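I opened this notebook to keep track of what I looked up in one structure. The entries follow the order in which I went through my questions.

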Amino acid sequence: MSKSFALIKSTQAETQKNNKNDEVQKTPKHGGNPLENINLQFDRAADLLGLEQDLRLLLKEPYRELNVQVPLKRDNGKMEIFHGYRIQHNAARGPYKGGIRYHQDVDRDEVLALATLMTWKTSLVNIPFGGAKGGIAVNPQTLSHRELQALTRTYISKIDLIIGPHRDIPAPDVNTDGKIMAWMMDEYGKKHGYTPAIVTGKPLALGGSLGRTEATGKGVVITIVEACKAYGIELNKATAVIQGFGNVGSYTAKFLNELGCKIVGVSDVSGGIYSEEGINIPELMQYVAKEKSIKGFLGTQPLTNEQLLEVKCDILVPAALGGVLTAKNAARVNCRLIAEGANNPTTREADVIFDSNGIPVIPDILCNAGGVTVSFFEWAQNLQQYRWELDRVNDELKKTMVRAFQEVYEISKLKHVSLRTASFMLAVQRVAEAAKMRVL
Ligand code: NAD
């Protein structure tokens, strides 16, 4: 048993207090705001851990928030100002780590919620990073290639003062990719010299890691395999429904399918498709590569994204957006296990409904942590100037994810709490321990 887990172990009498009813009573009347939801989970974990007030104050607040003006000379010669963010939540366990999102809806609250989630995610899988997130409020589809590159370089030059390979390491997120990471590394290198470890998610030719592309989907499936063992679901006889068929959704579908699980429904932004006999995933992946959408895939019937989430199946994987499982639809969700491929897909109210309906939820900070885990491997390879074989990446990923699931599952059984509460307890405990040693 690990040292930090041992600290969580309590007496039987304490354990009795922390039953499901207790969780239900603490549920707020609302459930929509992601930061509020994350902090409610933090508070609950802090209560169960008996965390002292000083540490609560220290761990809840972000360490630093940087708001930057990102001016861009458009192709038509006019100047436009965009707003950029980098929020560093906590670095007690290692340098800040988190992606950079380009989206018109990016704002301070969203970036802060995602930065906070990163602190708990990196801690939960026990990789030596803290949590951060960044973004620019921009619709990148409206920019030319030159404009996108200029915007990226200006943004990096503005946040340069707080990032670094031992300070804060960005990565791709919504609408940012390997190409954008390459520009970021190049811009940072102009001032600091060759520094591949400044960002992760880079193309292979620039020091990216083998296995990074499929890592999040692979991690999702590793946690599903463990959960199926724990909750008595026979994966090779099971059915699954997956919302989202992008990076996370498509690889989750592929790896689940390879284990004999029948994928009966998937969706993307254009809507959903269903087949009782099971969808041919390798063919669907080829179809999507060509058509850029799952719409019209042969041998399936169409359904809406809302209907998709209510299809009867064994395993439901939301792998697209946040806030899709809510008080409105949770009671109609008809599955035996939910695996959160996406970040924040379940509101607090929906969580309580799943709990009382006996549907275990593998929470985002555990389920989709495979991506940041392989980002850690990429960073380690860059610092070592050494390249790992794919088998090593996949073996280490499996070890990390299985260990994290088992630690969380044990706490959930011991304390009679959900997998989400158990995950927060373990994650908060580790960060609290490190923060206490450093500053208190
Ligand atoms: P992606 O852009 O590759 O794919 C997103 C998918 O969601 C696409 O199929 C898109 O069509 C679909 N989608 C978009 N809007 C939709 C809507 N309104 N209804 C239904 N489907 C819709 O993104 P991704 O990298 O697969 O990320 C998906 C989720 O996983 C996000 O929440 C992201 O934060 C989270 N996540 C991703 C990673 C990673 O490594 N890629 C890691 C951790 C968490």
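The entries below go from the ligand to the salt bridges, then to single residues and the surface.

**Entry 1: the ligand.** I noted at the outset that this is a predicted model, and I began with the surroundings of the ligand. Of the 19 residues around it, I found that Thr-216, Phe-245, Asn-247, Val-248 and Val-269 come nearest. Sorted by kind, the residues of that shell divide into seven nonpolar, nine polar and three charged.

I then looked up which protein atoms approach the oxygen atoms of the ligand. A polar backbone atom of Asn-247 is 2.9 Å from a ligand oxygen, and Asn-247 is also among the residues that come nearest. For Asn-343 it is a polar atom of the side chain that lies 3.2 Å from an oxygen atom of the ligand, whereas for Gly-341 a backbone N or O atom lies 3.5 Å from such an oxygen. The ligand taken alone exposes 830 Å², of which the protein buries 71%.

**Entry 2: salt bridges.** How many salt bridges does the count come to? I recorded 26, and I followed three of them through the structure.

The side chains of Glu-147 and Arg-74 meet in a salt bridge with an N to O distance of 2.9 Å. Glu-147 lies in helix α7 (residues 145-159) and Arg-74 in the loop between β1 (64-73) and β2 (79-90), so this pair ties together parts that are 73 residues apart in sequence. Both Glu-147 and Arg-74 are buried.

Arg-86 and Asp-168 form another bridge through their side chains, at 2.6 Å from N to O. Since Arg-86 lies in strand β2 and Asp-168 in strand β5 (residues 168-172), the pair ties together parts that are 82 residues apart in sequence. I looked up the exposure of each partner: Arg-86 is buried with a relative accessible area of 0%, and Asp-168 is likewise buried, with a value of 0%.

Lys-133 and Asp-173 meet in a salt bridge of 3.0 Å, N to O. Here Lys-133 lies in strand β4 and Asp-173 in the loop between β5 and α8, so the pair ties together parts that are 40 residues apart in sequence. Both Lys-133 and Asp-173 are buried, and I noted that they belong to a network of salt bridges that links them with Arg-101 and Glu-110.

**Entry 3: two polar contacts.** Is Gln-243 buried or exposed? Gln-243, which lies in strand β6 (residues 239-243), is buried, since its relative accessible area of 5% falls under 20%. Its side chain makes a polar contact of 3.0 Å with the side chain of Asn-305.

Lys-190, in helix α8 (residues 178-192), is by contrast exposed, with a relative accessible area of 61%. The side chain of Lys-190 is joined to that of Glu-187 by a polar contact of 3.1 Å. I also looked up Ser-157, which is 33 residues from Lys-190 in sequence and 9.9 Å from it in space, C-alpha to C-alpha.

**Entry 4: backbone angles.** Most residues other than glycine have a negative phi, and I therefore looked for exceptions to that rule. Asn-126 is not a glycine, yet has a positive phi of about 60°; it sits in the loop between α6 (108-124) and β4 (131-137) and is partly exposed, at 38% relative accessible area.

Gln-385, also not a glycine, has a positive phi of about 55° and lies in the loop between α15 (370-384) and α16 (390-415). At 57% relative accessibility, Gln-385 counts as exposed.

A glycine turned up as well, for Gly-358, which follows α13, has a positive phi near 70°. Within helix α13 itself (residues 348-356), the buried residues include Arg-348, Asp-351 and Phe-354.

**Entry 5: a surface patch.** Which residues make the nonpolar surface patch of about 280 Å²? I found Leu-58, Val-439 and Leu-440. Leu-58 belongs to helix α5 (residues 53-60) and counts as partly exposed, at 39% relative accessibility.

Note on methods. Residues numbered from 1 in each chain as written. Predicted model: local features only at pLDDT ≥ 70, side-chain atom pairs only at ≥ 80, totals over all residues. Heavy atoms only, no water. Near = heavy atom within 4 Å. Polar contact = N/O pair within 3.5 Å; in protein donor to acceptor, adjacent residues only side chain to side chain. Areas by Shrake-Rupley, 256 points an atom, 1.4 Å probe, with all protein chains shown as cover. Nonpolar A, V, L, I, M, F, W, Y, C, P; charged D, E, K, R; others polar. Patch = residues over 30% accessible without salt bridge, like charges linked within 9 Å, V, L, I, M, F, W, Y side chains within 5 Å. Salt bridge = Lys/Arg side-chain N within 4 Å of Asp/Glu carboxyl O. Helix = DSSP H or I, 4+ residues; strand = E, 2+ residues; numbered from the N terminus. Buried < 20%, exposed > 50% of the residue type's maximum accessible area, 1.4 Å probe, protein only.
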